[in-house]
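Me: I'd like to go through this structure with you, one question at a time. Please keep the reasoning short and finish each reply on what I asked for.

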Amino acid sequence: MTQPFRLPGGDRIDRSQPLAFTFDGRAYEGYAGDTLASALIANGVHLVSRSFKYHRPRGIVGLGAEESNALLRIGTGDRAEPNMRATTVALTDGLVAQSQNRWPSLRFDLGQAADLLSRLLPAGFYYKTFMGPGDAWMVYEPYIRRAAGLGRPPDGADPDPYDKRHAHADVLIAGGGLAGLAAALAAGRRGERVILADEDITLGGAPFAGGEMVEGLPVADWIAGTAAKLSAMGNVRVLTRTTVVGTYDHGFAVLVESTERAGLRCRLWKVRARRLVLATGAIERPLVFPGNDRPGVMMASAALGYITRYAAAPGRRLAIVTNNDGAYRTAASLHDSGVAIAAVLDIRNDVDPAAQEAARQRAIPIHGGAVITRVDGRQRVTGLRWSAAGGGGRLACDGLCMSGGWIPTIHLHSQTRGTLRYDEAAHAFLPDRPIEGVRSVGACAGTFDAADAVAHGTAAGNDATPAAPLRRAAPAAPISVEQAFQGGGRKSFVDFQNDVTAADIRLAAREGYRSVEHLKRYTTLGMGTDQGKLGGLNGLSLLAAELGCAPSDVGTTTFRPPYTPVPFGALIGRDHGEGLQPSRYTALHDWHAAHGAVFNQAGSWVRPLFYRRDGESDLDAVNREVMAVRRNVGVIDVATLGKLDIQGPDAAELLDRLYTNSWKKLAVGRSRYGIMLREDGMVFDDGVTARLGEQHYLMSTTTGNAEAVVEHIELLLRTAWRGLRVFVTPVTEQWFAAALAGPNARRVLARVADGIDVTDKAMPHMSVRCGRVAGLTARVFRLSFSGELSYEINVPSADGPALWQRLLDAGRVDDLMVYGTESMGVLRIEKGHVVVGREADGRATPDDLGLAKLCATTKDYVGRRSLSLPALIEPGRKQLVGLVVERADDRLPVGAHVVAEGRAGPQESLGFITSQAYSPTLGRPIALALVKAGRDRMGQRLFATSPTASTSVAVMVSEPVFVDPEGKRLHA
Amino acid sequence: MLSIRCPVCGPRDEDEFVFGGDASAVRPADPMACDDQAWTAFLYRRDNPAGPHDELWFHRFGCRRWLRVRRDTRSHAIVAPPLLAEDAGAP
Ligand SMILES: [Zn+2]
């Protein structure tokens with residue numbers, strides 16, 4: 001028979017739409033409108049998981065977000081999602097659910113031996129092991145990790161889309177129960193922009209026992225009527241299945257909406273609201289007694305919800321364990337739904353008979369002063385034993401409902417840094433002082449009565465000071481310490497998800513733990529994915545009892561976002577791949593792609609590394625390009641270099657303050673290389689700046705620092721150097737740039753330079769000319785990065801492809817070779833040019849890099865004062881050197897350190913390689929390295945070693961210039 | 001997440017901005033006249049007040065201007081309208 005525990009009725013299910021699903025490979029059926037949990041219960045399935053530490057069998061305990069046991073893996077393959085609470089998963093046709101943390105099966109799990117060995121796993125087990133003798137942690141750690149399963153990640157990258165959305169509101173209301181609905185209605189009627197978010201599928205909040213009236217209507221009718229009014233208001237947005245998971249500064253809140261629609265799994269809302277109304281309700285409080293974790297033990301409100309909403313009976317004969325008056329009405333309601341009630345067992349002796357009237361009318365047995373001593377049944381409750389002053393006994397039941405009062409959901413209030421106070425009547429913490437613009441209403445503020453909650457919500461919606469909130473909570477007893485330690489050694493659980501027992505709390509107290517923050521970390525109380533929603537308050541109440549103080553003296557742990565677990569996909573949204581950081585392409589990208597370019601992502605830029613020809617290896621291609629530049633001529637796309645246009649009467653003064661060298665004597669039409677420091681003296685950026693006119697300069701920056709240099713200059717101009725009359729404008733994207741390099745570069749350029757005399761005499765090294773090249777408006781800079789005769793030609797970006805084509809045409813007779821950044825890298829390493837981010841790694845001074853000669857002593861510049869600090873001039877700093885591999889066939893390991901001895905085992909690192917390449921010019925690998933007192937080591941034999949690659953290569957220390965140290969080629 | 005009212009762009013989310021640190025740490029007019037202690041104090045030493053704090057924020061994904069923002073470190077409230085850094089007086 002399918003769904004043997006399905007009763008008649010149920011507000012939410014549609015019996016005309018049966019849905020098939022599987023749990024651990026077995027087929028079941030439920031209905032549209034079910035949650036996975038309600039469908040399992042309708043099928044009589046209670047055993048759904050094994051606990052974290054002891055691998056005890058566990059069943060569904062809650063109805064919604066508070067669930068701590070029923071964490072299942074939902075879906076298969078790339079779409080699988082671990083640790084999903086069955087209580088919040090909407091049932092869909094074909095859904096596949098699997099249990100976690102068990103091996104080989106849920107019913108027969110070898111890990112349950114941990115339960116028998118639990119004396120070995122007391123509170124603080126991890127710390128004690130970690131602090132234990134010798135290698136105890138190393139020995140246990142792999143076993144602990146394997147045993148402590150909390151789900152597996154999906155098999156591959158999640159293929160489903162996730163989304164983010166921003167919204168603004170006058171009022172954001174968290175929670176669509178009575179108070180939240182009332183607040184939304186009031187604010188909506190005032191014409192405010194309202195967002196009402198509720199985590200449940202349907203508005204209305206916690207299940208009601210029946211009989212309660214609001215504004216003259218039964219509660220259910222009032223809810224339906226109010227929801228209809230809200231949906232008719234254009235200024236009110238109602239989001240169901242949407243949890244407010246975090247509240248932050250300045251009215252900012254983050255919401256997670258589960259859409260489960262095809263094409264969108266989940267949407268993250270970022271809401272900025274003027275006012276925040278928290279109507280987050282309360283979670284029913286578990287009771288602590290031996291065996292309170294057995295499958296079939298459930299919160300009473302959850303049992304009521306499963307029956308009234310889904311007609312899913314948690315059992316045929318239920319016992320109710322309580323400490324408060326509210327349980328009697330729940331018992332009556334459950335009875336009226338067709339479930340037998342074995343008894344109500346109340347820890348209290350003296351209960352107002354009026355509160356019990358509804359139960360008495362239905363002839364439900366009531367036992368006062370009853371202490372639960374054990375629960376029978378391992379994989380499903382079969383009965384319980386209790387004792388009382390006048391006797392006690394055993395009750396047969398197949399389900400057990402706990403009703404321990406209510407825990408106001410104060411998380412969001414606390415996240416905004418509102419203060420809390422302990423309420424002696426409610427035996428719970430309540431919001432005390434909120435921050436401005438935040439108000440808690442309804443059960444989360446201690447207003448438990450239905451009509452009061454509506455009044456409270458209405459006042460908040462009107463932004464009016466409410467009449468003093470009424471806190472008519474059903475009378476309740478505090479948590480019973482006596483009951484928690486019944487049953488001699490049987491475990492009474494406080495935190496189901498993390499397997500924290502009452503005995504663990506007692507042990508921690510005896511070991512001297514006083515602070516609840518320490519207790520939490522020592523016992524792991526409240527550190528599961530449920531963050532102690534069910535167990536946290538009981539844990540600190542027990543600690544207070546053990547310490548003999550009031551719970552208010554123990555306090556609570558800090559509530560941090562998110563309120564419920566958030567899928568990574570929701571946080572990521574579309575911000576991955578190109579959506580996170582769009583790639584930037586130069587104007588020539590399509591040409592590169594069509595000509596064999598092998599691309600590389602450098603920061604956000606996509607650039608050709610080299611151009612492969614048929615049959616070539618990567619190294620063959622790079623060697624070919626490098627040798628073409630050294631012996632003939634090559635051309636490269638360098639459009640990505642940062643360019644800043646600097647204009648104004650004080651432009652030269654600005655350069656003087658930014659760069660270490662002097663700029664005031666630079667003539668119009670000439671250019672100069674400069675290095676820029678951070679204020680702490682470390683090299684920050686470098687590049688060539690050209691003087692285009694009297695008050696007009698063009699600065700080039702490294703590709704990766706183009707934005708950072710602008711921010712650096714802007715900050716100085718807007719604070720310390722406000723008096724300078726100068727404008728700095730980033731123009732990187734406005735200009736395309738190509739560099740011609742090689743002994744024959746001039747010959748090629750001369751063919752296309754219209755009216756620009758490019759002879760060495762007319763245009764020497766480090767000069768600039770504006771004019772026309774190949775019919776295009778152009779600036780031509782003679783400068784060199786490769787060490788060869790070289791010209792960089794800039795044209796407006798749109799003219800880039802035309803310039804490139806005309807250069808190629810002009811160079812065809814000379815076999816002009818296109819080359820990429822990998823080849824450019826080899827050329828600059830051979831020439832010993834430092835690169836920001838490699839040699840200048842943020843820890844190198846100009847002197848470390850051999851650039852002290854560029855530091856003027858006659859003027860101030862950013863970073864100058866730091867260069868004489870003791871730490872920056874101490875001997876033994878790492879200095880830039882060249883390394884030449886001794887045996888030409890050796891290959892340098894990647895990320896190598898430089899050491900003195902060519903042996904295995906630990907030894908002092910003298911420094912590290914910053915850049916390396918195979919030099920076709922030298923016919924062997926070379927490197928640039930930062931080595932301690934490197935300039936004193938010229939000619940020394942050292943070793944480049946990588947412990948991970950287990951290699952050690954002999955190298956000779958040399959000057960960091962391998963080609964043309966005199967620079968004759970530049971001036972050719 | 002803070003909402004910062006940029007004088008150019010209006011109220012914008014914090015994640016459009018980059019924090020630039022304590023606005024009172026202004027570069028000395030004559031660094032070479034500083035002894036090592038005074039200079040390293042400028043480089044590294046910052047007060048950490050519980051209360052109003054003048055700080056620099058750069059509107060990187062907006063107008064690309066530096067702002068001076070006065071923020072209460074206890075409540076994160078921005079206690080005065082932010083100004084462009086060049087319009088702000090000495091902190
Ligand atoms: Zn702005």
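Me: How many bridges join strand E5 to strand E7 of chain A?

Reply: This is a predicted model, in which local features need pLDDT of at least 70, side-chain atom pairs count only at pLDDT 80 or more, and totals for chains, interfaces and linings use all residues. Strands (E, at least two residues) and helices (H or I, at least four) are DSSP runs numbered from the N terminus, and two strands pair if DSSP finds at least two bridges between them. Strand E5 (residues 71-74) and strand E7 (residues 95-98) of chain A run antiparallel, and the number of bridges joining them is 2.

Me: And which residue of E7(A) stands opposite A:Arg73?

Reply: Residues are numbered from 1 along each chain as its sequence is written, chains are lettered from A and ligands numbered from 1 in the order in which they are written, and side-chain values use heavy atoms, with hydrogens and water left out. Across from A:Arg73, in E7(A), stands A:Gln98.

Me: Which strands are at the edges of the 5-stranded sheet with E5 and E7?

Reply: This open sheet has mixed pairing and the order E2-E1-E7-E5-E6 in chain A. From one strand to the next, the twist averages 40 degrees, with axes fitted to C-alpha atoms (for helices over the stretch in contact) and angles running from 0 to 180 degrees between N-to-C directions. The two strands that pair on one side only are E2 (26-32) and E6 (81-85) of chain A.

Me: Why do strands E21 and E23 of chain A each have one side without a neighbour in their sheet?

Reply: Their open sheet has 3 strands in the order E21-E22-E23 of chain A, with antiparallel pairing. The reason is that E21 (371-376) and E23 (391-396) stand at the edges, so each has a single partner strand.

Me: Which residue of E23(A) is the bridge partner of A:Arg385?

Reply: Strand E22 (residues 383-388) of chain A pairs with E23(A) in the antiparallel sense over 6 bridges. For A:Arg385, the partner in E23(A) is A:Arg394.

Me: Now the middle of the chain. Is helix H19 of chain A largely enclosed or left open?

Reply: Helix H19 (residues 618-631) has 14 residues and reaches 20 Å from its first C-alpha to its last, close to the 20 Å expected at 1.5 Å a residue, where the expected span is 1.5 Å times one less than the number of residues. Its buried residues include A:Val622, A:Arg624, A:Met627 and A:Arg630, where buried means under 20% relative accessible area (exposed is over 50%, partly exposed in between; 1.4 Å probe, protein chains only). Because 10 of its 14 residues are buried, H19(A) is largely enclosed.

Me: Which helix do the buried residues of H19(A) pack against?

Reply: Their partners include several strands of chain A, among them E32 (605-611), E39 (735-741) and E47 (911-919). A contact here means heavy atoms within 4.5 Å. The list also holds a helix, H24 (821-831) of chain A.

Me: How many residues of E39(A) are buried?

Reply: A:Trp735, A:Ala737, A:Ala739 and A:Ala741 point one way, A:Phe736, A:Ala738 and A:Leu740 point the other way, and all are buried. Strand E39(A) is therefore largely enclosed by the rest of the structure, its buried count being 7 of the 7 residues.

Me: Which residue of E43(A) stands opposite A:Ala738?

Reply: Strand E39(A) runs antiparallel to E33(A), with 4 bridges, and there A:Ala738 is the bridge partner of A:Asp637. Strand E39(A) is also joined by 7 bridges to strand E43 (residues 790-796) of chain A, again antiparallel. Opposite A:Ala738 in E43(A) stands A:Ile793.

Me: Which residue in the turn between E49(A) and E50(A) has a positive phi?

Reply: Strand E49 (residues 941-946) of chain A is joined to E50(A) by 6 bridges and runs antiparallel to it, with A:Leu942 opposite A:Val955. The two strands form a hairpin with 4 residues between them, and the residue with a positive phi, of about 50 degrees, is A:Ser950.

Me: Last one: what share of the residues in chain A is buried?

Reply: Chain A has 25 helices and 50 strands, and its C-alpha atoms fill a box of roughly 115 × 70 × 55 Å along the principal axes. Among contacts with a separation of 6 or more, residues 24 or more positions apart account for 66%. Of the 972 residues, the buried share is 58%.
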